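Subject: The structure for you to look at

Hi,

Here is the structure I said I would pass on. Please open it alongside this email and have a look while you read.

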Amino acid sequence: MREPIIAIDGPSGAGKSTLSRLLAERLGFTHIDTGAMYRCVALAVDRQQLDLADVAGVTRLCDNLTIDFLRTSAGQTVHLNGEDISSAIRQPHISLLTSRVAAIPEVREAMVAQQREMGQKGGVVLEGRDIGSVVFPDAEVKFYLSASARERGRRRFEELRLAGQSVDLEQTIAEVEERDLADQGREHSPLVQPEDAVLIDSTGLDIEQVLARMLDYVAAKRPQGAGA
């Protein structure tokens, strides 16, 4: 039997990227950072100064993007057309633009096709905002990670500050709240908690505590003898 597909959904700043990476490492699975894929599109749109109203132009852009996830001694990196853009896609203005880009049906169609192709054989961890509801509705394991908007904003603030960026805490929290509204209110594939997803509220929990809960649940869902 093949290994399960693990879908992790949740709002911005809930810890999905970190936990999906760690979960994949512990299980020996492939980590597919779907959120980073949309960020790559947003970065490309920003660099080429495309008008999002030009859907045909944005669609052509998607068709010419090569997105790769490469593991190095320092961790996994994201490459766009051969360039390491791991830091560039985390800029605040790219984060806000990502929601607008991801709301374009043609962009989502292009990215979802890539995600399904990457994950169809199982043994993968995918994270985003519609993995368990749209991309892999039949995934064997689904998690929905959340935390209060203030806690998620604080985490993002610390992440950006440690990266050397000049940021304001209250503004960062406001941006997280704005991102939530955009993700939940978009017409196509809005952020929702799948009914069969395991809800984990990470407010007040550290990464290892959340990871332990996820690993215990996955262990009960893996085929007998898998991972031995």
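Below is what I found in it, starting with the whole chain and then moving to single elements and residues.

**The chain as a whole**

Please keep in mind that this is a predicted model. The chain has nine helices and eight strands. Its radius of gyration is 17 Å, close to the 17 Å that the globule rule gives for 228 residues, so the chain is as compact as a globular protein of that length. Along the principal axes, the C-alpha atoms fill a box of roughly 50 × 40 × 35 Å.

Half-and-half is a fair way to think of burial here, since 50% of the 228 residues count as buried. The chain exposes about 11,000 Å², and carbon and sulfur atoms supply 47% of that area. If you take the contacts between residues at least 6 apart in sequence, 74% of them join residues at least 24 apart. As for charge, there are 26 positive and 35 negative charges, and their mean positions are 3 Å apart.

**The sheet of S3, S4 and S5**

Three strands form an open sheet in the order S3-S4-S5, with antiparallel pairing. S3 and S5 stand at the edges with a single partner strand each, so one side of each has no neighbour in the sheet.

The two pairings are easy to trace. S3 (residues 67–72) and S4 (residues 75–80) run antiparallel and are joined by six bridges. These two strands form a hairpin, with two residues between them, and Arg-71 stands opposite Gln-76 in S4. On the other side, S4 and S5 pair over two bridges, again in the antiparallel sense. There, His-79 stands opposite Asp-84 in S5.

**Two positive phi angles**

Most residues other than glycine have a negative phi. Which residues would I point you to on that count? Gln-49 has a positive phi of about 55 degrees although it is not a glycine, and Asn-81, also not a glycine, has a positive phi of about 50 degrees.

Both sit in loops. Gln-49 is in the loop between helix H2 (34–48) and helix H3 (55–63), while Asn-81 is in the loop between S4 and strand S5 (83–84). With a relative accessibility of 74%, over the 50% cut-off, Gln-49 counts as exposed. Asn-81, at 46% relative accessibility, counts as partly exposed.

**Two serines with arginine contacts**

Is Ser-12 buried or exposed? Ser-12 counts as buried, because its relative accessibility is 3%, under the 20% cut-off. Its place is the loop between strand S1 (5–9) and helix H1 (16–27). Leaving aside neighbours within four places in sequence, Ser-12 is in contact with Arg-129, Arg-152, Arg-156, Val-176, Arg-179 and Asp-180. Ser-12 and Gly-35 are 23 residues apart in sequence, and their C-alpha atoms are 9.5 Å apart in space.

Ser-95 lies in helix H4 (residues 92–102) and counts as buried at 10% relative accessibility. Again leaving aside neighbours within four places in sequence, Ser-95 is in contact with Arg-39, Arg-90, Arg-156 and Arg-179. Arg-156 and Arg-179 are also on the contact list of Ser-12, so you may like to display both serines together.**Helix H4 and its neighbours**

The buried residues of H4 are Ile-94, Ser-95, Leu-97, Thr-98, Ser-99, Val-101 and Ala-102. Which helices do they pack against? The buried residues of H4 pack against H2, helix H5 (105–119), helix H7 (149–162) and helix H8 (169–185).

**Met-37 in H2**

Met-37 lies in helix H2 and, at 0% relative accessibility, counts as buried. Not counting residues up to four places away in sequence, Met-37 touches Ile-32, Ile-67, Phe-69, Met-111, Gln-114, Gln-115 and Met-118. Met-37 and Pro-194 are 157 residues apart along the chain, and 22 Å separates their C-alpha atoms.

Happy to hear what you make of it.

Best wishes

Key:
Residues are numbered from 1 along each chain as its sequence is written. This is a predicted model: local features need pLDDT of at least 70, side-chain atom pairs count only at pLDDT 80 or more; totals for chains, interfaces and linings use all residues. Side-chain values use heavy atoms; hydrogens and water are left out. Helices (H or I, at least four residues) and strands (E, at least two) are DSSP runs, numbered from the N terminus. The radius of gyration is taken over C-alpha atoms; the globule rule is 2.2 Å times the number of residues to the power 0.38. Buried means under 20% relative accessible area, exposed over 50%, partly exposed in between (1.4 Å probe, protein chains only). Contact means heavy atoms within 4.5 Å. Accessible areas come from the Shrake-Rupley method with a 1.4 Å probe; for residues, only the protein chains shown count as cover. Lys and Arg count as positive and Asp and Glu as negative; His and the chain ends are not counted. The place of a charge is taken as NZ of Lys, CZ of Arg, CG of Asp or CD of Glu. Two strands pair if DSSP finds at least two bridges between them.
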